[in-house]
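Me: Could you take a close look at one part of this protein for me? I'd like a walk through a single sheet and what surrounds it, with the rest of the chain as background.

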Amino acid sequence: MNGLRAVVVCLVMACAAVLSPGAAAAPTAPVKPSWSALPVPAAAPPVTVGDLAARGPREAWATGYEQADDGLRPMLYRWNGTAWSRDTTFPGAGETGWLGKIQFVGDEMWIFHNREGKGEILRRSPTGWSAVPLPQTLWVYQDFAAVPGAAWVVGEDDTGLKVLHYDGSGWTTQSTPDGVLFLMGITARTATDAWAWADRSTGGTAVLRWDGTAWRDAKVPLPPNSNVHTTLLEPSGRATIGGSQYTDGVARTYLMTFNGHTWRTTHPPLGDTYTASMVRGPDGALWLPMVSDRAFQAKYARVDGSRATFSYGPERTNAIDVKPRALARAGTSLLSFGTVEIYGSKPNLMSERLGG
């Protein structure tokens, strides 16, 4: 009997040891997501990336141009959530020219297209492609923005600055405030809320805002001796401006955030990073591609307030220059699209993903 009791006591003690919190294995720390390489069908190098935009985890598009024997050729790639493929079904795919900014308008995807020197807007709907030609040819096509009910193309012709506005049925030319020489970029939240940044004849940069009636100086208190690279508008009403400020001839990046009432300026430790590809990531922070200090890896910055942290893409064998050119949020992941130069070859396409 005593032997049986001893066996039972030993079994109870063993079970208690297994179930005891003190005896349990320490919890595993969460795995930090890292960048991974995504294969991209090669183009004819050297290539230039124009834009990258995503509508969700299973649809993203990238634009640009490649070098052909007779000049530049437009380049369009699609991400379906699993792989990148090249799309050559759009009008003018076999002609000279280039593709620029991508905009999602309702259930359509719009792209600015320079088609043999003439501008047009390519529209891809669930039923196929169509094109909206511009009312005139410009010397320079600087930027493009589109939202439901409106689109803008800004540039120059032989008479100077041009702001072309499309209302869904036709084009008009819009005027800008006196003293505006050149619009460097444009973006829009709605048909009655568009922003542009411009060079002024008196020197310096101004931010303009369209209210559905006229373009006006938005009176943004930009840092002295600064320029603007981009303006990121969000549905919440928040706006973020990125640019460079020059002090004693040295440039450093600044970010300005508007909460609907006031502007807040920060100088995160980004050096002189070009902020045109800045996006709001799925984690709520701002993300930017950077010039890497490692020839064989891309570099990215995550900015939360004035704090910046950095991450690197995967190592690429024999790479001498890896340049992520554009970022886009694709569901819970970030997509990057750019170029990589392998020793002995001209730059070709590369893509990377964080998370997913």
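Reply: Here's a tour that starts with the whole model, moves into one sheet, and then steps back out to the cores and a few backbone oddities.

Bear in mind that this is a predicted model. Its average pLDDT is 91, and 91% of the residues reach at least 70. The stretch to set aside is residues 1-26, where the pLDDT is below 50. Beyond near neighbours in sequence, that stretch makes one contact in the model.

As for the overall picture, the protein has 28 strands and one helix. Along the principal axes, its C-alpha atoms fill a box of roughly 110 × 50 × 40 Å. Of the 356 residues, 46% are buried. If you take contacts between residues at least 6 apart in sequence, 41% of them join residues at least 24 apart.

Now for the close-up. The part I'd pick is an open sheet of four strands, ordered β6-β7-β8-β9 and paired antiparallel. The edges are β6 (97-105) and β9 (128-133); each has a single partner strand, so one side of each is left without a neighbour in the sheet. From one strand to the next, the twist averages 25°. At the β9 end, strand β8 (residues 118-125) is joined to β9 by six bridges. One residue pair to look up there is Arg124 and its bridge partner in β9, Trp129.

Go to strand β7 (residues 108-115) next and find His113. With a relative accessible area of 0%, His113 is buried, since anything under 20% counts as such. The His113 side chain makes a polar contact of 2.8 Å with the side chain of Glu120. Leaving out residues up to four places away in sequence, His113 also touches Lys118, Gly119 and Leu122, along with Trp98 and Leu99. Its list of contacts is completed by Pro74, Pro91, Gly92 and Glu120.

Just along the chain, the loop between β7 and β8 holds Glu116. Glu116 is not a glycine, yet its phi is positive, at about 55°. Unlike buried His113, Glu116 counts as exposed, with 53% relative accessibility.

There's a similar case elsewhere: Asp248, in the loop between β19 (239-247) and β20 (250-258). Asp248 also has a positive phi of about 55° without being a glycine, and at 77% relative accessibility it counts as exposed. While you're checking backbone geometry, look at the peptide bond from Pro45 to Pro46, which is cis with omega near 0°. Pro46 sits in the loop between β1 (35-38) and β2.

That brings us to the cores. The largest nonpolar core has 19 residues, and the ones touching the most other members are Leu52, Tyr77, Trp84, Leu335, Phe337 and Leu349. Strands β2 (48-56), β3 (59-68), β4 (71-79), β26 (319-330) and β27 (333-342) each supply at least two residues of this core. Leu335 is a good one to click on: ignoring neighbours within four places in sequence, its contacts include Leu38, Leu52, Ala60, Trp79 and Trp84. Leu335 is also in contact with Ala326, Leu327, Ala328 and Ala330, as well as Glu352 and Arg353. Apart from this core lies another, of 16 residues, among them Ala145, Ala150, Leu208 and Trp215.

Terms used
Residues numbered from 1 in each chain as written. Predicted model: local features only at pLDDT ≥ 70, side-chain atom pairs only at ≥ 80, totals over all residues. Heavy atoms only, no water. Buried < 20%, exposed > 50% of the residue type's maximum accessible area, 1.4 Å probe, protein only. Polar contact = N/O pair within 3.5 Å; in protein donor to acceptor, adjacent residues only side chain to side chain. Contact = heavy atoms within 4.5 Å. pLDDT = per-residue confidence, 0-100. Pairing = 2+ DSSP bridges. Axes fitted to C-alpha atoms, helices over the stretch in contact; angles between N-to-C directions. Core = buried A, V, L, I, M, F, W, Y, C linked by side-chain atoms within 4.5 Å.
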